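Visitor: I should like a close look at a single part of this molecule, namely one helix and the partners it packs against. Please take the neighbouring residues and the cysteines afterwards.

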Amino acid sequence: MSSAMRMQGKRAIVTAGASGMGRAGCMLFAQQGATVAVVDLHAGRTAAVVAEVTAAGGRARGFVADLSTPEECRRVIAEAATWLGGIDVLWAHAGSPGPVAVEGIDVGELNAAVALNLTSALLCAGEAAPHMRQAGGGALLFTSSVAGLVGSTFSPVYSALKFGLVGFTQSLAQRFAADGIRVNAVCPGPVDTPMLPAFMGRNVDAAGQAANQARIVAAVPLGRLARPEEVAHAALWLLSDDASYVTGVALPVDGGYVAR
């Protein structure tokens, strides 16, 4: 492997690593020299990503976990750290669209969204931090959203939770700075992933889903959806030593959406 690789020798964990942006990150990080723990709820997809990484000459192992459960967050980070021999990098990427409703909201759906989008990220970061401290430093990355930078009328619960991740980013960046642990967030705009149809299709039919997607793309100055690999490259930079003086940042990867 080339010494120019941005993640040479890094021990990395990616949650929700079996599809979309997470999968792209696992593939890219391994290509760039990392050993990758692929964490996801779906065993089959996780195994497929591990097989892809291995076939491409990288090193990865799958860990199946339901990160909406605190015990599972703690278990999987501990198991991954044992396999990796420590942790240098964590991309806490797991999340879900959550409910659309405000009036008459189902509190169970709300609590589930909080558990996966916000609580799991904080728990995974909290479990990974001691391993990074022991290693002399590391890098944490949360997946927020453009909806964590500007309010979303379409999805207020999702927006609030993603704002919360930006708050975690700024607070933990200060808290962990003395330990050499950098903390940042990546804030994607609309991305062509398997979650996008589910996000755009909540409480509407196929025509409504298409209309929702058309509206969001029309609001992007570059006029298209992002590719998962484009977000993964931003994540790579934030997590690599190339960004060694960057912490507390919420980086939009959004085709100009928040610049309007």
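Guide: What follows treats the helix first, then single residues, and finally the cysteines.

The model is predicted, so that local features need pLDDT of at least 70 and side-chain atom pairs count only at pLDDT 80 or more, while totals for chains, interfaces and linings use all residues. Residues are numbered from 1 along each chain as its sequence is written, and side-chain values use heavy atoms, with hydrogens and water left out.

Helices (H or I, at least four residues) and strands (E, at least two) are DSSP runs, numbered from the N terminus. Two packed helices are described by the angle between their axes and the distance between the axes. Axes here are lines fitted to C-alpha atoms, for helices over the stretch in contact, with angles running from 0 to 180 degrees between N-to-C directions.

Helix α1 spans residues 20-31 and helix α8 residues 228-239; their axes come within 8 Å and cross at roughly 55°. This makes α1 oblique to α8, given that angles under 35 degrees count as roughly parallel, over 145 as roughly antiparallel, 65 to 115 as roughly perpendicular and the rest as oblique. The crossing of α1 and α8 is right-handed; a crossing is right-handed if the near helix is turned clockwise from the far one by less than a right angle, and left-handed if anticlockwise. Contact means heavy atoms within 4.5 Å. On the α1 side, Gly20, Met21, Arg23, Ala24, Gly25, Leu28 and Phe29 meet Pro228, Glu229, Val231, Ala232, His233, Ala235, Leu236 and Leu239 of α8. The residues of this contact of α1 with α8 comprise ten nonpolar, three polar and two charged. In this classification Ala, Val, Leu, Ile, Met, Phe, Trp, Tyr, Cys and Pro are nonpolar, Asp, Glu, Lys and Arg are charged, and the others, Gly among them, are polar.

The axes of α1 and helix α2 (residues 43-55) come within 10 Å and cross at roughly 25°. The two helices α1 and α2 are therefore roughly parallel to each other, and α1 passes α2 in a right-handed crossing. Here Arg23, Cys26, Met27 and Ala30 of α1 meet Val49, Glu52 and Val53 of α2. The contact of α1 with α2 has five nonpolar, no polar and two charged residues.

Among single residues, Glu229 lies in helix α8. Glu229 is partly exposed, with a relative accessible area of 39%; buried means under 20%, exposed over 50%, and partly exposed in between (1.4 Å probe, protein chains only). Leaving aside neighbours within four places in sequence, Glu229 is in contact with Arg23 and Ala24. Thr193 belongs to the loop between β6 (181-188) and α6 (195-200). Thr193 counts as buried, at 12% relative accessibility, and touches Gly20, Met21 and Pro228, not counting residues up to four places away in sequence.

The cysteines remain. A disulfide is a covalent bond between the sulfur atoms of two cysteines, assigned here to a pair of cysteine sulfur atoms within 2.5 Å. By this rule the count is zero disulfides. Cys73 is in no disulfide, the nearest cysteine sulfur being that of Cys124, 4.2 Å away. For Cys124, the closest cysteine sulfur, in Cys73, is therefore too far for a bond. Cys73 counts as buried at 0% relative accessibility, and Cys124 is buried with a relative accessible area of 1%.
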